Amino acid sequence: MPGTLYLVATPIGNLADMSFRAIEVLKSVELIACEDTRHSLKLLNHYGIKKKLLSYHEHNENERSEELVKLFESGASIALISDAGTPAINDPGFVIVKKAVEAGINVISIPGSVAFVNAAIVSGLATDSLFFGGFLPSKSGERRRRLLEISGVPATLIFYESPHRLVRSLSDCLEILGDRPAAVARELTKLHEEVIRGTLNSLASHFSDANPKGEFVLVIDRAGEPTAARKDSLSERIAELEAAGMEHKAALKTAAKEFGLSRSEAYRRLQGSGDK
Ligand code: SAM
């Protein structure tokens, strides 16, 4: 009989956030696949789990998944863990799950910590509908385009963010989404855990003075009334700015910025057939 793939959540900072079932499963499997064997050893040693470890990370996911599927077929059950939190949530895992499903292998999740869910529930923002966008693109132009795409999503928006990009991301969010209520959850479950609630504007100024350190989740309220930056069409936005009295050149420059485009890119789009 083929073995089972267990996706086991591990803590996002506090070692005590490990479920009894997670420990049992890790003790029961033949092999544990993990992102970084040295990092995971600390957790496994803490719980007295002695198992063969195999590295499974973003650079070897494809080859490793082929090997693992053969092992499942030979009857082995294997657990996948990541460095922190839930595997396959902005961490390796998707490839092996897809291949295991295709091969008819049983896939079981062992639930536990996941940073974006914990950030959402402490944010004070609505949790009836959540949009988790993972990490926003690192380049400002791409980030703005992405924000514009999702600006109308009728859900609380959640993103992971690195400390050195937090301020730039907050200011792009402010510019594209408008000054919405928002929260930043920092170092969840750890010693310096804090949740800062306010609006995108107040958070951007708070963190520009604060030299952000640690791990962050950004939670942003859903769209209210449509803002100018949410208009779908570049030409429509330019026309709107002109109608408000702006010179064509200035309107093009402003709209380009809002859409995350350079002025020449925006100009090219207007010349072409589609200006979206
Ligand atoms: N698999 C993880 C999960 O289930 O949440 C996410 C891994 S992703 C590579 C790492 C990002 O998750 C961090 O950059 C940060 O945005 C967020 N994160 C992880 N742990 C966190 C914590 N303790 N507090 C706040 N954010 C955290």
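Where does N90 lie? In this predicted model, N90 lies in the loop between β4 and α4. N90 is partly exposed, with a relative accessible area of 37%. Its phi is positive, about 50°, although N90 is not a glycine. Most residues other than glycine have a negative phi.

**Overall layout**

The protein contains eleven helices and ten strands. Its C-alpha trace spans about 70 × 45 × 30 Å along the principal axes. Of the 276 residues in the protein, 44% are buried. Among contacts between residues at least 6 apart in sequence, 69% join residues at least 24 apart.

**Helix α4 and its surroundings**

Helix α4 covers residues 94-102. Three of its residues, V95, I96 and A100, are buried. Seen down the axis of α4, these buried residues fall within an arc of 125°, so they line one face of the helix. The face turned away from that buried side carries the exposed residues F94, V101 and E102. The buried residues of α4 pack against β1, α3, β4 and β5. After α4 comes G104, whose phi is positive, near 75°.

The packing of α4 with α3 (residues 61-73) can be described further. The axes of these helices come within 9 Å and cross at roughly 40°, which makes α3 oblique to α4. This crossing of α3 and α4 is right-handed. From α3, the residues E61, N62, S65, E66, L68, V69 and F72 take part in the contact, and they meet F94, V95, I96, K99 and A100 in α4. By class, the residues of this contact divide into seven nonpolar, two polar and three charged. F94 is thus named twice: F94 is among the exposed residues on the face of α4 turned away from its buried side, and F94 is also among the α4 residues that α3 meets.

**Helix α1**

Helix α1 (residues 20-28) has A22, I23, V25 and L26 as buried residues. They cover an arc of only 165° around the axis, which puts them on the same side of α1. The exposed residues F20 and E24 sit on the face of α1 turned away from its buried side. What covers the buried residues of α1 includes the strands β1 (4-8), β2 (31-34), β4 (78-81) and β5 (106-110), together with the helix α2 (37-46). Of these elements, β1, β4 and β5 also pack against the buried residues of α4.

**Helices α10 and α11**

A second helix pair is formed by α10 (residues 248-258) and α11 (residues 263-271), whose axes come within 9 Å and cross at roughly 100°. That makes α10 roughly perpendicular to α11. L252, K253 and A256 in α10 meet R263, A266, Y267 and L270 in α11. This contact has five nonpolar, no polar and two charged residues.

**Buried charged residues**

Three charged residues that count as buried are listed below with their locations.

| Residue | Location | Relative accessible area |
|---|---|---|
| R144 | helix α6 (residues 140-150) | 8% |
| E161 | strand β7 (residues 156-161) | 4% |
| E187 | loop between β8 (181-186) and β9 (194-199) | 14% |

Which residues does R144 touch, not counting residues up to four places away in sequence? They are D172, E175, I176, K257, E258 and G260. Two of these, K257 and E258, fall in the span of α10, residues 248-258.

Leaving aside neighbours within four places in sequence, E161 is in contact with F135, L136, L166, S169 and F216. The C-alpha atoms of E161 and K139 are separated by 13 Å, and these two residues are 22 residues apart along the chain.

E187 has a phi near 50°, a positive value in a residue other than glycine. N90 likewise has a positive phi of about 50° without being a glycine. E187 counts as buried, at 14% relative accessibility, whereas N90 is partly exposed, at 37%. The loop that holds E187 runs between β8 and β9, while the loop that holds N90 runs between β4 and α4.

Definitions and conventions
Residues are numbered from 1 along each chain as its sequence is written. This is a predicted model: local features need pLDDT of at least 70, side-chain atom pairs count only at pLDDT 80 or more; totals for chains, interfaces and linings use all residues. Side-chain values use heavy atoms; hydrogens and water are left out. Axes are lines fitted to C-alpha atoms, for helices over the stretch in contact, and angles run from 0 to 180 degrees between N-to-C directions. Helices (H or I, at least four residues) and strands (E, at least two) are DSSP runs, numbered from the N terminus. Angles under 35 degrees count as roughly parallel, over 145 as roughly antiparallel, 65 to 115 as roughly perpendicular and the rest as oblique. A crossing is left-handed if the near helix is turned anticlockwise from the far one by less than a right angle, and right-handed if clockwise. Contact means heavy atoms within 4.5 Å. Ala, Val, Leu, Ile, Met, Phe, Trp, Tyr, Cys and Pro count as nonpolar, Asp, Glu, Lys and Arg as charged, and the others, Gly among them, as polar. Buried means under 20% relative accessible area, exposed over 50%, partly exposed in between (1.4 Å probe, protein chains only). The arc is that of the directions from the helix axis to the C-beta atoms.
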